[in-house]
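Thank you all for coming; I would like to walk through one structure this morning, starting from a single residue and working outwards. Please have the sequence and the model open while I talk.

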Amino acid sequence: MSALPVIFMALMGLSLLIYVVLDGYDLGVGMLSATAKEADRDRMVASIGPFWDANETWLVLAVGLLLIAFPKAQGVVLTALYVPVVLMLLGLILRGAAFDFRAKGDPAHKRWWDAAFAGGSALASLAQGWMLGCYVTGFEDGAAAQVFAAGIAVALTACYLLLGAGWLLIKTEGDLQRRAVGWARRAWPAVVAGLLIVSIASPWLSATVRTRWFDMPGLIALAPLPLIALLALAALRGLLNSHRVLGKLSWAPFALMVVVLTLSFFGLSYSLYPFVVIDRITIWDAAAADESLRFLLVGAALTMPVILAYSLFSYRVFRGKVRALAY
Amino acid sequence: MDTLILARLQFALNITFHILFPTITIALGWVVLFMLWRWRRTGESPWLAAYQFWTKVFALSFALGVVSGVTMSFQFGTNWPGFMERAGNIAGPLLGYEVLTAFFLEAGFLGIMLFGRERVSPRVHVIATATVAFGTTLSAFWILSLNSWMQTPTGYDIRDGVMHAVDWWAIVFNPSFPYRLTHKLLASGLTAAFLLAGVSAWQMLKGSEKAETRRVLRLGLTLGAVLIPLQIIAGDMHGLNTLKHQPAKIAAMEGVWTTERGAPLLLFALPDEHAKENRFAIGVPRLASLILTHDADGEIRGLDAFEGAHPPVKPLFFGFRVMVGVGMLMLVFAWGGWWLFRRSGWQRLPRAWLWGLSFMSFSGWVATVAGWYVTEIGRQPFIVYGVLRTSEVAANNPGTMVAASLAGYATVYLALLIAYIAAIKRMAEKGAPAAPTATRPLAAPVISRSFT
């Protein structure tokens, strides 16, 4: 069996993880802007201004890799997710457009664009969670699967809110930063509940996942994964009570959240591998021809390090507390 | 309406909306780079003001291009899953290279270009702006390579109904690619040129003229005047290439129902698909043969030679005439405007001409969309010309779902299009900013050293 499909699955997963972290925080900031004061809202938008576009590109890469590397699965996946995909796209279109229009359009319409910005962010987040929920159950129809998908929609949205609050802790100061602590505190229980629900419901809904996680001695080897995630979440909550989260440790909640998401991601990958569609299509069934994957792999190997390098450069250029955007 | 039609309409709506914005940004990226470079070289603040204004237009266009582009990539899978299943071995890597080499590049440096002017050195800022312009053009390279390959497929073989790549060089540089890329890049240049000239003319009419307005008008007119003849030549060569590879498309564009020698160039007609004839035809005898075969008696194969495999005639026939007609108007307005403006010492234009140019602000869009329809509808009934039919690759989605999402996209796109034009109008009419930042960059000596 060729290793190429495995490599491309890994690349696709990596793109998705990077996407969830990066666009996750800016979608979170977008949703939080709904409850912020007018002046704060401008600063919140400014904090994601230089980045949101590049962040969203990781989604294009992830879906691109699905189309490219697994042509025989993409039709099943995307047609089954037709409704949430359309809703997510409408959400992303609205918020992306609102980002520019709120500053360049008629000031009298600004509050409408603000509503589109926050509403679009929420719509995209919920739709993405819904998609993830459907995907994990293998697009099952029953009521249990629907409830599960709805639960993940809320859980992923809560994760984004927490990421967004964490981002604001890093990028802002003063009153807005203190408000971000409050937002993070409120999102935290939903994140914990959501992750617990996923951890309990996925093995319950799928026999494949069940045997994979609860067979001895695998269970012992895997135990650190959820344990570290729980510890990270506990540490995050503890930090939110400390004044240092406003100063020296302002980066820590965001970083801990990245740890939690990375661990969840590996847990999920372990549950699903080697399927593109669980119990139905393996990555080898779905993969494109070797010569095509090889041709693309050359490009990916050459460009992905460069992409990561200039992305880091961009974050370095805009490091520090946010300033008003003007150009 | 059946689902296939709805899915087609949805895709058509999406590419129509999407293409409007790259058509502006591909060339406008280089134009703003030019303005920035002029400012760095001369230290004249109007160039900075021009850069700042047009960067805003660029950013707005870019954002709308991105959000509608993301939508397109998903629609391949939601509505046309068979395309990637059958042609994905070839289309996939081309799309992949676009994302990896171009899309990330544009998005990665856009932040620095827009917001980083005071955070990075002038040199890095110029490099970031140039990188965005380059990335946008590179994006066009890959997308047009794929699109051209779908029109003139080469370098593949078919095993078990699935296309496999044999020769990547032949795939990327397929026979129609150089013509299509040139035609598209020139179209983008013309779209930007008429937007520059049209908005400046509007500012002069509305009394919101600023120090930079005349320079931008001159820049737009010059660009338009230089590019339009080039585009006419490129378009003619592209037409010859299409005749060679897609004769059915040409037959539909020219309304040639039966194979004939010395075919007339129809200026106007109402093609009738049922009767297979043109009504109310007004034409110049033998001119179509002369243009297409460079021989007044040259033979043009008619639609009868492609029974059941030729595109619908009306959209191609009219689309082509709209595109050429707008091109002719561009020729008149760019050359006439340039001449009049120059004669006045680059000072003023007659009001009628200003009105005309304002009216032409978005003429590039009209020509581009018309040409795009000729290209894309002209490929029908195939998605990969001569190999794979569009109807074979469509998804089997419930009609109501496709209809509902079509309505959703249509509403949002229409609202955004109105908002876009209104925002540009508003920005154009807004008074000059209090004082353009610094007439000369702060560290003038250093900058002039690094830029001369």
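Let me begin with a question: is B:Gln203 buried or exposed? At 6% relative accessibility B:Gln203 counts as buried, where buried means under 20% relative accessible area, exposed means over 50%, and partly exposed is in between, with a 1.4 Å probe and protein chains only.

Before going further, I should say that this is a predicted model, in which local features need pLDDT of at least 70 and side-chain atom pairs count only at pLDDT 80 or more, while totals for chains, interfaces and linings use all residues. Residues are numbered from 1 along each chain as its sequence is written, chains are lettered from A and ligands numbered from 1 in the order in which they are written, and side-chain values use heavy atoms, with hydrogens and water left out.

Back to B:Gln203, which is found in helix α6 of chain B; helices here are DSSP runs of H or I with at least four residues, strands are runs of E with at least two, and both are numbered from the N terminus. Leaving aside residues up to four places away in sequence, B:Gln203 touches B:Ser208, B:Glu209, B:Lys210, B:Thr213 and B:Ala428, contact meaning heavy atoms within 4.5 Å.

A second buried residue is B:Ser61, with a relative accessible area of 0%, and B:Ser61 lies in helix α2 of chain B, residues 45-79. Again not counting residues up to four places away in sequence, the residues that B:Ser61 touches are B:Phe21, B:Ile24, B:Thr25 and B:Tyr420.

B:Tyr420 leads us to the largest nonpolar core, which has 210 residues, and B:Tyr420 is among those touching the most other members, together with A:Phe70, A:Phe101, B:Met35, B:Trp54 and B:Phe83. A nonpolar core is a set of buried Ala, Val, Leu, Ile, Met, Phe, Trp, Tyr and Cys residues joined through side-chain atoms within 4.5 Å. Helix α3 of chain B, residues 81-115, provides the largest share of this core, at 20 residues. As for B:Trp54, and with the same sequence neighbours up to four places away left out, its contacts are B:Leu28, B:Val32, B:Met35, B:Leu195, B:Leu196, B:Val199 and B:Val216. There is also a second, separate core of 25 residues, which includes B:Leu190, B:Val326, B:Phe333 and B:Phe341.

Staying in chain B for a moment, helix α11, residues 351-359, has B:Leu354, B:Gly356, B:Leu357 and B:Ser358 buried, and the buried residues of α11(B) pack against α6 (177-205), α7 (213-245) and α10 (313-343) of chain B.

Now to the interface, where 62 residues of chain A are in contact with 64 residues of chain B. The two chains bury about 5800 Å² between them, 76% of it on carbon and sulfur atoms, buried area being the accessible area (1.4 Å probe) that two parts lose on being put together, summed over both. Between chain A and chain B the count is 1 salt bridge, a salt bridge being a side-chain nitrogen of Lys or Arg within 4 Å of a carboxyl oxygen of Asp or Glu. In that bridge the side chains of A:Glu291 and B:Arg159 meet at 3.9 Å, N to O. On the side of chain A that touches chain B, α3 (52-69), α4 (71-80), α5 (82-104) and α14 (290-317) of chain A each supply at least two residues, and α5(A) gives the largest share, 15 residues.

Finally, the charged pairs, for which the count over all chains comes to 22 salt bridges. A:Arg43 bridges to A:Asp40 with the closest N and O atoms 3.6 Å apart, and both residues lie in helix α2 of chain A, residues 38-48, 3 residues apart, about one turn of the helix. A:Arg43 counts as partly exposed at 30% relative accessibility, whereas A:Asp40, at 6%, counts as buried. The side chains of A:Asp42 and A:Lys110 also meet in a salt bridge, at 3.2 Å from N to O, and this pair links distant parts of the chain, with A:Asp42 in helix α2 and A:Lys110 in helix α6 (residues 110-136) of chain A, 68 residues apart. Both belong to a network of salt bridges that links A:Glu38, A:Arg41, A:Asp42, A:Arg102, A:Lys110 and A:Asp114.
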